[in-house]
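Biologist: Please take one part of this model and go through it closely, then set it against the rest of the chain. Give the cut-offs behind each term as you use it.

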Amino acid sequence: MEFLTSPELWIAFATLLLLEIVLGIDNVVFISILSGRLPEHQQARARTIGISLALITRLLLLASLSWIIGLTAPLFTVLGQEISGRDLILLLGGIFLVGKATYEIHEHLEGSDHGREGGKVVSFGAVIAQILVLDVVFSLDSVITAVGMVDELAIMVAAVIIAMIIMLVSAGAVSRFVNQHPTVKMLALSFLLLIGASLIAESFDQHIPKGYVYGPIAFSIFVEFLNLRVRARQRRQQESRPVQLHPTYVKQGQARPEPEPETTPAS
């Protein structure tokens with residue numbers, strides 16, 4: 001009952017929910033890109049399974065907060081740099097994200113067959129496995145952020161569940177939009193490269209404020225949105241423009257044929 005009557009808890013819940021949605025956008029974009037490599041009849045199922053796995057992963061991590069807190073304890077030291085379990089997970093996840101985004105960019109620029117990987121058809125299980133790997137990384141970042149903002153477990157669970165429901169509802173629209181616009185898809189892959197690089201930096205305790213990462217992303221999305229509006233307007237103008245008939249082409253030195261005089265039928 002304290003949650004219903006405390007403005008501070010409501011503010012904390014709203015802030016955490018907004019942050020969980022923002023962090024979940026990365027997850028949705030990655031799932032949309034990976035599921036887009038599957039046959040069309042399997043894409044929706046892959047998105048649903050991927051987001052459901054993300055929700056389960058977050059809830060399991062929240063249920064083991066003592067283990068999460070223990071991940072921040074140093075395990076060993078390399079060249080004066082303390083390395084924790086969290087650092088290792090972020091490092092491996094960042095490397096995987098950078099490598100996967102780079103491969104996807106190469107496939108879209110120079111690949112011959114979309115939906116094929118190394119000459120073999122991309123399997124449903126392989127896509128789900130890749131989604132699960134990134135779910136763990138994004139979920140870890142999300143849960144650690146939640147633990148640092150709110151002390152109430154119930155608030156964290158509620159914010160995570162609502163954010164995942166929003167992701168699940170919007171995943172289809174996001175996937176269609178990303179896959180129908182090649183420039184948006186390339187922009188999304190570039191964002192994943194940027195996020196992967198920030199995870200690698202984070203693993204070495206080089207904290208990059210999220211505003212520095214998501215600010216350029218938001219600006220790029222705004223610019224691309226304007227470009228899409230301009231292209232759509234130009235397309236509508238071309239479709240509504242009347243057909244213009246051009247004069248008959250005549251070779252140089254030839255006289256243009258005179259039009260035949262109109263004759264009226266004899267009465």
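Modeller: V78 has a relative accessibility of 41%, so it counts as partly exposed; buried means under 20% relative accessible area, exposed over 50%, and partly exposed lies in between, with a 1.4 Å probe and protein chains only. This is a predicted model, in which local features need pLDDT of at least 70 and side-chain atom pairs count only at pLDDT 80 or more, while totals for chains, interfaces and linings use all residues. Residues are numbered from 1 along each chain as its sequence is written, and side-chain values use heavy atoms, with hydrogens and water left out.

V78 belongs to strand β1. Strands (E, at least two residues) and helices (H or I, at least four) are DSSP runs, numbered from the N terminus. Strand β1 covers residues 74-78 and pairs with strand β2, residues 81-84, in the antiparallel sense over four bridges; pairing requires that DSSP finds at least two bridges between the strands. Within this pair, V78 stands opposite Q81 of β2. Two residues lie between the strands of the hairpin, where L79 takes a positive phi near 55 degrees.

V78 and L79 also belong to a nonpolar surface patch, together with L75, F76 and L88. The accessible area of these residues together is about 520 Å², by the Shrake-Rupley method with a 1.4 Å probe; for residues, only the protein chains shown count as cover. Patches are made of residues with over 30% relative accessible area and no salt bridge; nonpolar side chains (Val, Leu, Ile, Met, Phe, Trp, Tyr) are joined within 5 Å, like charges within 9 Å. With three residues, β1 gives the most to the nonpolar patch.

The hairpin also has a partner from later in the sequence. D205 sits in the loop between α8 (182-203) and α9 (210-240), and it touches Q81, E82 and D87, leaving out residues up to four places away in sequence. Contact here means heavy atoms within 4.5 Å. The C-alpha atoms of D205 and I83 are 9.1 Å apart, although 122 residues separate the two along the chain. D205 is partly exposed because its relative accessibility is 47%.

The salt-bridge rule asks for a side-chain nitrogen of Lys or Arg within 4 Å of a carboxyl oxygen of Asp or Glu. Side chains of opposite charge can pair when their charged atoms come close. The count by this rule is one: R231 with E224, at 3.1 Å from N to O. R231 is partly exposed at 35% relative accessible area, whereas E224, at 11%, counts as buried.

Two buried helix residues are also worth a look. T57, in helix α3, is buried at 14% relative accessibility; beyond its neighbours within four places in sequence, it is in contact with L132, D135, V136 and S139. I155, in helix α7 (residues 153-180), is buried at 4%. Its C-alpha atom lies 6.1 Å from that of F13, with their positions 142 residues apart in sequence.

For the chain as a whole, there are nine helices and four strands, in the order α-α-α-α-β-β-α-β-β-α-α-α-α from the N terminus. Of the 267 residues, 37% are buried. Among contacts with a separation of 6 or more, 77% join residues 24 or more positions apart. The exposed area is about 16,400 Å², and carbon and sulfur atoms supply 64% of it.

Confidence is given by pLDDT, the predictor's confidence in each residue, from 0 to 100. Its mean over the chain is 76, and 79% of residues reach 70 or more. Among the elements, helix α3 (residues 40-63) has the highest mean, 84, and strand β3 (residues 116-117) the lowest, 46. Over residues 114-119 pLDDT stays under 50, and the model has 19 contacts beyond four places in sequence for them.
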